[in-house]
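Thanks, everyone, for making the time this morning. I would like to walk you through the salt bridges in one structure, so let us put it on the screen.

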Amino acid sequence: MAGNKSYTIVEYFGGDDGYRCGYCKNEKGNFSHGMWSHTMTVQDYQDLIDRGWRRSGKYVYKPIMNKTCCPQYTIRCHALKFQPSKSHKKILKKISKFISKGELPKGQEDGEPMDSVCEETGPREPSKVCQAEAKCAAITDVQTEISERPAITEVQTEEADAAPTTSETPRKDAESLLDGRTTAAAPKPGMGVDPNRPPCRKAKDLRKERRLQKEQMRQHTDGVSSIVAPTPPTHTNQPKTLEDFIDESLPDNTSHCLEVRLVPVSFEDPQFTASYQQSVALYARYQMAIHGDDASECSESEFRRFLCDSPLEAESSPDGPEMGYGSFHQQYLLDGRIVAVGVIDILPTCVSSVYLYYHPEFASLSLGSYSALREISFTRQLQKQSPKLSYYYLGFYIHSCPKMRYKGQYRPSDLLCPETYMWVPIERCLPQLENSRYARFSQDPDAGDARLLKDVGRALVLYRRTVMPYAAYTRKRKGSSDETEVQQYAGLVGQDCAERILLYRA
């Protein structure tokens with residue numbers, strides 16, 4: 001990966017003050033740690049979200065789980081194993097009916113609000129001095145300053161090759177799927193009264209087989225063939241995949257044409273710049289109609305700050321996806337007009353959903369669920385190019401807010417344990433969350449954080465345009481009083497990230 005020459009540069013803000021909660025509306029109940037990211041590698045962000053962090057624009061925050069009013073647990077779906085539920089199939093049929101016949105269903109969306117704009121986390125403005133230094137940091141000085149620690153390139157190579165989690169089981173599950181790449185196992189033999197009987201089959205398949213046999217018998221009597229044996233039907237009882245249902249939802253000869261287009265978030269990209277004003281107008285319309293924002297709260301500058309200003313550096317890798325890693329807008333065009341946009345990050349092992357906004361006129365089409373299904377399918381498509389990329393991250397699961405529980409419907413899925421940072425199947429977590437808003441999901445009392453901070457002196461800092469370990473910084477700055485803050489920051493990002501990410505020091 002291109003990370004060997006790139007650095008993540010952040011300013012840490014702590015998390016002592018409470019902010020308004022966008023879920024329960026508690027004025028001072030939302031607590032989170034935060035940092036402003038001037039630039040960030042995709043591997044560093046992958047490791048951070050696997051420790052409970054999440055970005056809103058360039059502001060990266062981590063809820064203080066045992067203190068905040070509505071604990072937010074990172075949730076991921078096993079994209080390769082996903083099978084749509086009855087409600088998901090219903091949504092796809094609804095889309096199909098609209099596209100083929102032009103009929104909008106009556107009523108509103110099925111109660112699935114997307115994450116609200118993360119203003120309640122209290123993002124602060126970054127240091128102007130740091131912005132200037134971030135652009136011209138003397139990265140070449142790092143080798144002379146950190147002779148007492150392993151080279152950065154070695155650490156990043158190890159991290160890129162390693163799985164992003166501390167849980168062994170999900171990683172093995174993903175690897176075991178790489179050969180078959182199928183989403184469902186083949187049906188088992190019939191187990192009725194007579195186990196020797198073949199499994200039950202659909203009447204449609206039986207009719208097809210009888211028709212084929214009649215055709216072959218007729219050909220035999222006509223002398224066309226005398227050795228043709230009856231051919232079994234090619235159609236099996238294997239359940240349909242998500243892709244099958246999506247394809248069926250986009251029939252030919254329709255009233256409308258739906259196109260999904262992936263556009264990199266870059267003002268140097270012609271498609272992004274050509275559709276920018278249309279996206280801004282759609283975002284404002286969505287925020288005012290769905291979230292009740294004032295026009296001033298969803299201005300062009302807010303749109304740009306929240307959904308266009310990404311700290312992620314665009315990167316590519318020989319074993320990565322064709323379009324590379326970074327931040328993208330997945331645009332849904334209906335008859336050539338943008339009606340919805342899903343904002344996503346493509347990372348080394350996942351597609352991470354950031355936000356969705358859509359035209360309020362189409363709220364009854366359940367576009368929140370539809371876009372999630374399309375993004376799961378997109379993840380599966382990328383996995384064929386990049387085997388490690390096999391998860392779909394839906395952001396945060398908030399059990400204490402009933403309207404946000406819909407994310408748990410995309411199974412199989414895991415929640416991140418807030419203490420060990422191990423992934424635990426959601427079925428094992430829900431009983432605990434019914435009893436308590438905050439829960440440690442790992443059952444092993446001896447399990448801990450595999451990337452626990454052990455030596456804060458090895459954490460990297462950016463000081464006066466020079467990169468150095470924190471231990472060297474404290475020697476230069478005798479009497480420095482920021483050790484408590486740096487210790488807290490490094491503990492939250494973990495030892496590995498602390499040794500790669502540059503913490504700005506004024």
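By a salt bridge I mean a side-chain nitrogen of Lys or Arg within 4 Å of a carboxyl oxygen of Asp or Glu, and on that criterion the structure holds 17 of them. Please keep in mind that this is a predicted model, in which local features need pLDDT of at least 70 and side-chain atom pairs count only at pLDDT 80 or more, while totals for chains, interfaces and linings use all residues. Residues are numbered from 1 along each chain as its sequence is written, and side-chain values use heavy atoms, with hydrogens and water left out.

Let me begin with Arg 55 and Asp 345, whose closest N and O atoms are 2.9 Å apart. Arg 55 sits in strand E3 and Asp 345 in strand E8 (strands being DSSP runs of at least two residues, helices, H or I, of at least four, numbered from the N terminus), so this pair ties together parts that are 290 residues apart in sequence. Arg 55 is buried at a relative accessible area of 5%, and Asp 345 is buried too, at 0%; buried means under 20%, exposed over 50% and partly exposed in between, with a 1.4 Å probe and protein chains only.

Turning to Arg 76 and Asp 414, their salt bridge has its closest N and O atoms 3.1 Å apart, and it joins strand E5 to strand E11, so parts 338 residues apart are tied together.

Finally, Arg 458 and Glu 499 meet at 3.2 Å, N to O; here Arg 458 is partly exposed at 24%, whereas Glu 499 is buried at 8%.
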